Amino acid sequence: MSKIVIAGNWKMKKGLEDIRAFCKAIVSSLMARDMAGVMPILAPSYPFLDLMQGELKGSPVKIAAQDVSSHPAGAFTGEVSAAMLSSLGLEYSIVGHSERRAHHDESNELVREKLLMLMDNGIKPILCIGETLLQRDGGSTKEVILEQLDGCLRNVNIYNAENIMIAYEPVWAIGTGRTATGEQAQEVHRIIRSWLNNTYNQAIADEIVILYGGSVKPENLAGLLAMPDIDGGLIGGASLQADKYLKMIDIALESRK
Ligand code: PEP
């Protein structure tokens with residue numbers, strides 16, 4: 001059984017002092033818990049990746065980037081390469097977040113290039129997919145999810161289920177306070193697992209961690225984790241406060257009992 005992942009996506013919302021205070025607030029409590037069944041991940045903005053690794057050294061928290069360049073190196077002002085992330089010792093990076101797709105026109109093809117760049121550099125992508133409200137209301141959720149999986153993972157070799165995570169994040173639930181019900185999320189997670197089975201094999205399909213994201217908070221996390229195909233959360237707003245983040249870790253630990 002894989003670990004439950006509680007991943008916080010901080011977007012562009014936390015600066016230096018705030019991050020220092022957050023790390024201070026969680027580090028000793030996390031070290032005091034038996035974290036065998038839960039993997040905490042936090043994704044700050046680029047300038048704080050290294051700092052956070054230092055602040056949380058010795059704790060079970062893994063630090064992730066929020067994005068990566070599709071280029072290996074060169075004249076790409078403002079971009080950060082997978083090799084640079086890897087040189088920091090990072091293990092994870094979010095890729096294909098719906099905010100990148102919406103505000104920076106990221107296509108499935110571009111997300112695929114970024115994902116390959118991460119994998120080539122030994123970083124595990126947390127691939128985000130999800131439908132808009134218009135697509136859900138129009139009845140095309142399944143089609144959109146399959147198109148995103150086909151587009152982002154075309155000919156991508158996943159030798160080991162641990163090499164990648166998938167985050168199902170319905171766009172209409174991100175930052176809106178409107179969460180998918182456990183059943184709505186489960187239905188899509190099942191579709192993703194069955195696509196993985198058809199494309200790769202049963203072991204990969206069974207073992208890949210599939211996160212749900214979209215207004216997850218302490219109040220709804222237990223219900224989501226009770227679903228058979230939901231292995232954790234990719235959490236924006238509720239991961240910004242240390243007490244809420246710790247509470248969600250405890251809920252995840254409890255769900256493992
Ligand atoms: C996200 O940032 O991926 C996210 C799901 O945000 P929120 O939890 O705030 O909806």
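This passage walks through a predicted model, from the ligand site to two helices and several individual residues.

The ligand is a good place to start. It is surrounded by 14 residues, and the closest are Lys11, Glu169, Gly175, Ser215 and Gly236. By class, this shell consists of eight polar, four nonpolar and two charged residues. Oxygen atoms of the ligand take part in several short distances to the protein. One lies 2.7 Å from an N or O atom in the side chain of Glu169. With the backbone, an oxygen atom of the ligand is 2.8 Å from a polar atom of Ser215, and an oxygen atom of the ligand is 2.9 Å from a polar backbone atom of Gly237. On its own the ligand has 290 Å² of accessible area, and the protein covers 96% of this.

Lys11, one of the closest residues to the ligand, deserves a second look for its backbone. It sits in the loop that links strand 1 (4–9) to helix 1 (16–32). Most residues other than glycine have a negative phi. Lys11, although not a glycine, has a positive phi of about 45°. Lys11 counts as buried because its relative accessible area is 15%, under the 20% cut-off.

Ser215 leads on to another residue, Asn220, since Asn220 touches both Ser215 and Thr179 when residues up to four places away in sequence are set aside. Asn220 belongs to helix 10. With a relative accessibility of 16%, Asn220 is buried.

Ala238 lies in the loop between strand 8 and helix 11. At 10% relative accessibility, Ala238 is buried. Beyond its neighbours within four places in sequence, its contacts are Val216, Lys217, Pro218, Lys244, Tyr245 and Met248. Ala238 and Asp206 are 32 residues apart in sequence, and their C-alpha atoms are 28 Å apart in space.

Helix 11 itself covers residues 242–255. Its 14 residues reach 20 Å from the first C-alpha to the last, close to the 20 Å expected at 1.5 Å a residue. Buried residues in helix 11 are Ala242, Tyr245, Leu246, Met248, Ile249, Ile251, Ala252 and Leu253. An α-helix has 3.6 residues a turn, so residues three or four places apart point the same way. The cover over the buried residues of helix 11 includes strand 1, helix 1, strand 2 (38–43), helix 10 (218–225) and strand 8 (232–235).

The packing with helix 1 can be followed through Ile26, which is located in that helix. Ile26 has a relative accessible area of 0% and is therefore buried. Leaving out neighbours within four places in sequence, Ile26 is in contact with Leu42, Leu56, Val61, Ala242 and Leu246. Of these partners, Ala242 and Leu246 are among the buried residues of helix 11. Ile26 and Ala242 are 216 residues apart in sequence, yet their C-alpha atoms are 6.4 Å apart.

Helix 7 (141–153) gives a second example of a helix with a buried side list. Its 13 residues should span 18 Å at 1.5 Å a residue, and its end C-alpha atoms are 18 Å apart, which agrees. Thr141, Val144, Ile145, Gln148, Leu149, Gly151, Cys152 and Leu153 are buried in this helix. These buried residues pack against helix 4, helix 5, strand 5 (124–129), helix 6 (133–137), strand 6 and helix 8 (182–199).

After helix 7 comes Asn155, with a positive phi near 55°. Asn155 is not a glycine, and it is found in the loop between helix 7 and strand 6 (165–168). Is Asn155 buried or exposed? Its relative accessible area is 66%, over the 50% cut-off, so Asn155 is exposed.

The last stop is Glu106, in the loop between helix 4 (98–103) and helix 5 (108–120). Glu106 is buried, at 6% relative accessibility. Its side chain is joined to that of Arg100 by a polar contact of 3.0 Å. With residues up to four places away in sequence not counted, Glu106 touches Asp67, Gly96, Arg100, Arg101, Val111 and Lys114.

Technical notes. Residues are numbered from 1 along each chain as its sequence is written. This is a predicted model: local features need pLDDT of at least 70, side-chain atom pairs count only at pLDDT 80 or more; totals for chains, interfaces and linings use all residues. Side-chain values use heavy atoms; hydrogens and water are left out. A residue is near a molecule or strand if one of its heavy atoms lies within 4 Å of it. A polar contact is a pair of N or O atoms within 3.5 Å; within protein, one must be able to donate a hydrogen and the other to accept it, and residues adjacent in sequence count only if both atoms are side-chain atoms. Accessible areas come from the Shrake-Rupley method with a 1.4 Å probe; for residues, only the protein chains shown count as cover. Ala, Val, Leu, Ile, Met, Phe, Trp, Tyr, Cys and Pro count as nonpolar, Asp, Glu, Lys and Arg as charged, and the others, Gly among them, as polar. Helices (H or I, at least four residues) and strands (E, at least two) are DSSP runs, numbered from the N terminus. Buried means under 20% relative accessible area, exposed over 50%, partly exposed in between (1.4 Å probe, protein chains only). The expected span of a helix is 1.5 Å times one less than its number of residues. Contact means heavy atoms within 4.5 Å.
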